[in-house]
Amino acid sequence: MGNLWLIGMMGSGKSTVGRRIAATTDSGFVDVDSLVEEQAGKSISSIFREQGETALREMESTEVRRLSVEPAPGANSRVIATGGGAILDPANVEAMRRSGAVAWLDAPAGVLAGRVRDEDRPLLAGGDTVSRLTEILAGRHSLYQQAAHYRINAARPIERVVPEVVGCARIAVGSASEVLIGPGLPHRLMPASSGREQVVIICQPGSRLVAESVRELLRSEAGTTLIEAPDRDEAKSLDTLALLYDRLAELNLGRHDTIVGVGGGAVTDLAGFVAATWLRGIESILVPTTLLGAVDASIGGKTGINVMGKNLVGSFWHPSRVVISLDVLSRLPRPLLLEGSAEAVKAGFIADPRLVDLFMEHGLAFPMAEVVRRAVAVKAEVVSEDFREGGLRAILNFGHTLGHGIEVACELSHGHAVAVGMAAAAAVSADRHGLDQARVRVPLERLGLPTRIHAANPDSILRLVRRDKKRTATGLRMVLLREVGDPVVEYVDEATLRLGLAAVGIAG
């Protein structure tokens with residue numbers, strides 16, 4: 001999941017915060033200053049006085065670049081406290097941002113002075129501490145801004161700082177897409193671009209306030225236009241698509257411009273498809289405002305609209321960035337949390353049993369930052385290995401083969417339908433591989449998700465399943481579990497599908 005880099009002035013609390021995070025999570029902690037001292041055999045102050053600041057910065061840069069190599073798969077992520085001047089070297093900044101999230105612990109000079117007054121700091125020698133810190137901070141302020149993904153108010157007690165910092169993460173999706181997770185919106189929402197003139201923000205009624213916040217962040221970077229689409233899956237229609245294309249033509253939106261989708265899975269699907277097809281493809285950035293959108297729909301580059309079935313018209317088009325605000329997700333009403341938890345626990349069933357444990361321990365009161373980070377990491381890893389669903393990526397469809405048909409035929413919400421679909425897949429997995437169905441059913445029920453639905457006619461569901469895009473010339477594929485965390489994709493016949501449906505109450 002990459003590193004978590006802590007940057008900021010001396011006295012901002014980087015080492016203290018980093019150690020606290022490492023002590024309460026599965027992360028390791030690294031202090032760059034300590035590594036430099038260990039290599040040199042002397043203190044930072046001694047290096048500065050005896051060899052000069054240039055030599056110190058070179059040693060610091062060596063460690064930063066070494067640490068910027070991402071941990072091996074399966075290794076713990078690392079929280080890394082840097083020296084206050086690490087951001088002076090652009091190569092350090094590039095390495096940090098490429099290998100993880102960068103959190104700037106920011107505090108005013110007066111607060112910093114109170115924390116370092118009795119310490120040996122060569123840069124503060126020969127003057128009033130507050131004045132020197134004010135001067136240094138003024139010279140570095142713009143560099144910290146440019147380096148950081150997230151700016152954290154570090155003037156507050158550590159008990160308030162740590163929960164915000166621990167929520168910061170950057171997860172790469174292949175080489176061209178990234179997911180930023182943080183306590184709120186990053187202070188720089190857009191990736192750097194020299195040619196961008198316009199940004200079109202597409203939202204739905206329920207995400208209007210977040211879209212306005214996004215618009216405010218972007219005012220200084222480009223001209224912005226906010227377009228509101230219909231609510232829920234009504235947004236994913238040919239009629240809505242045509243209206244959007246007409247509006248983009250009126251705006252003369254160019255190839256170097258950007259579309260930002262703000263909302264749930266429906267609007268991120270729509271915005272992504274519009275970006276994929278306008279002028280044969282322009283940049284998109286997605287800001288999911290539901291848990292379902294955050295852990296699933298916005299990640300992986302699948303875009304689509306509904307035509308006689310769910311997502312039958314679509315394209316693979318990866319956003320340059322997905323931005324997830326934990327603050328937005330933490331304020332979701334219970335029904336939307338429940339919806340998204342179905343896709344989050346699915347990630348646990350196919351690849352991360354710890355996610356399943358978290359839901360068993362906490363139910364719907366789960367730790368948002370850890371669940372989002374883990375669920376996103378599962379999808380990002382799978383997608384990075386299989387960008388266009390040629391093989392491995394099919395495991396992300398656990399619960400979807402029957403779930404999509406149940407969603408349409410029984411008029412269930414997506415999350416509830418996928419939950420029932422996972423219970424059906426668990427029944428088939430039990431029949432074929434001996435899976436204990438309770439390993440799937442109990443966590444779903446612990447969350448309050450349905451595992452049965454009473455419907456007398458499975459034929460309407462099977463008709464929709466036969467039309468599903470997961471069908472190949474050989475037949476229909478279904479994701480099954482040999483065990484939690486051990487998925488397998490197999491071809492199934494109609495009798496097998498009926499067995500799964502009957503197990504969740506759909507028989508006739």
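In this predicted model, P450 touches H416, A419 and V420, leaving aside residues up to four places away in sequence. P450 sits in the loop between α19 (438–447) and α20 (459–466). One of the residues touched by P450 is A419; the C-alpha atoms of P450 and A419 are 6.2 Å apart, with their positions 31 residues apart in sequence.

A second residue with listed contacts is A294, which belongs to helix α12 (residues 291–297). Its relative accessible area is 0%, so A294 is buried. Residues up to four places away in sequence again not counted, A294 touches P288, I299, I324, L329 and V376. For A294 and L464, which are 170 residues apart along the chain, the C-alpha separation is 27 Å.

**Helix α4**

Helix α4 covers residues 53–67, 15 residues in total. From first C-alpha to last the helix reaches 21 Å, close to the 21 Å expected at 1.5 Å a residue. Its buried residues are A55, L56, R57, E60, S61, E63, V64 and L67. The buried set thus holds charged residues, R57, E60 and E63, as well as nonpolar ones, including L56, V64 and L67. As background, residues three or four places apart in an α-helix point the same way, because the helix has 3.6 residues a turn.

**Salt bridges**

Side chains of opposite charge can pair when their charged atoms come close. The count for this model comes to 29 salt bridges. Three of them are set out below.

| Pair | N to O distance | Location |
|---|---|---|
| R208 and E212 | 3.3 Å | both in helix α9 (residues 208–218) |
| R374 and E370 | 3.1 Å | both in helix α16 (residues 368–385) |
| R498 and D459 | 2.7 Å | helix α21 (residues 494–503) and helix α20 |

R208 and E212 are four residues apart, about one turn of helix α9. Where does this pair stand in terms of exposure? R208 has a relative accessible area of 32% and is therefore partly exposed. E212, at 30%, is partly exposed as well.

R374 and E370 are also four residues apart, about one turn of helix α16. Is R374 buried or exposed? Its relative accessible area is 15%, and because buried means under 20%, R374 counts as buried.

The salt bridge between R498 and D459 has an N to O distance of 2.7 Å. This pair links distant parts of the chain, since R498 in helix α21 and D459 in helix α20 are 39 residues apart. R498 is partly exposed, with a relative accessible area of 27%, and D459 is partly exposed at 31%. Elsewhere, salt bridges that share partners join D296, E343, K346 and K379 into one network.

**Aromatic pairs**

A pair of aromatic rings is described by the distance of the centres and the angle of the planes. The whole structure contains four aromatic pairs. In one of them, the rings of W104 and Y144 have centres 5.5 Å apart and planes at 20 degrees, so this pair is stacked. The cut-off for stacking is an angle under 30 degrees. W104 lies in strand β4 (residues 100–106) and Y144 in helix α7 (residues 129–147). The two residues are 40 apart, and the pair links distant parts of the chain. W104 is buried, with a relative accessible area of 1%, and Y144 is buried at 0%.

A second pair, F359 and F366, is edge-to-face, with 5.2 Å from centre to centre and 75 degrees between the planes. Both F359 and F366 are buried.

**A nonpolar surface patch**

Which residues form the nonpolar patch on the surface? The patch is formed by M308, L312 and V313, with about 270 Å² of accessible area together. L312 is placed in the loop between β12 (302–305) and β13 (313–316). With a relative accessibility of 34%, L312 counts as partly exposed.

Definitions and conventions
Residues are numbered from 1 along each chain as its sequence is written. This is a predicted model: local features need pLDDT of at least 70, side-chain atom pairs count only at pLDDT 80 or more; totals for chains, interfaces and linings use all residues. Side-chain values use heavy atoms; hydrogens and water are left out. The expected span of a helix is 1.5 Å times one less than its number of residues. Buried means under 20% relative accessible area, exposed over 50%, partly exposed in between (1.4 Å probe, protein chains only). Patches are made of residues with over 30% relative accessible area and no salt bridge: like charges are joined within 9 Å, nonpolar side chains (Val, Leu, Ile, Met, Phe, Trp, Tyr) within 5 Å. Accessible areas come from the Shrake-Rupley method with a 1.4 Å probe; for residues, only the protein chains shown count as cover. A salt bridge is a side-chain nitrogen of Lys or Arg within 4 Å of a carboxyl oxygen of Asp or Glu. Contact means heavy atoms within 4.5 Å. Rings of Phe, Tyr and Trp (its six-membered ring) pair if their centres lie within 6.5 Å; planes under 30 degrees apart count as stacked, over 60 as edge-to-face and the rest as tilted.
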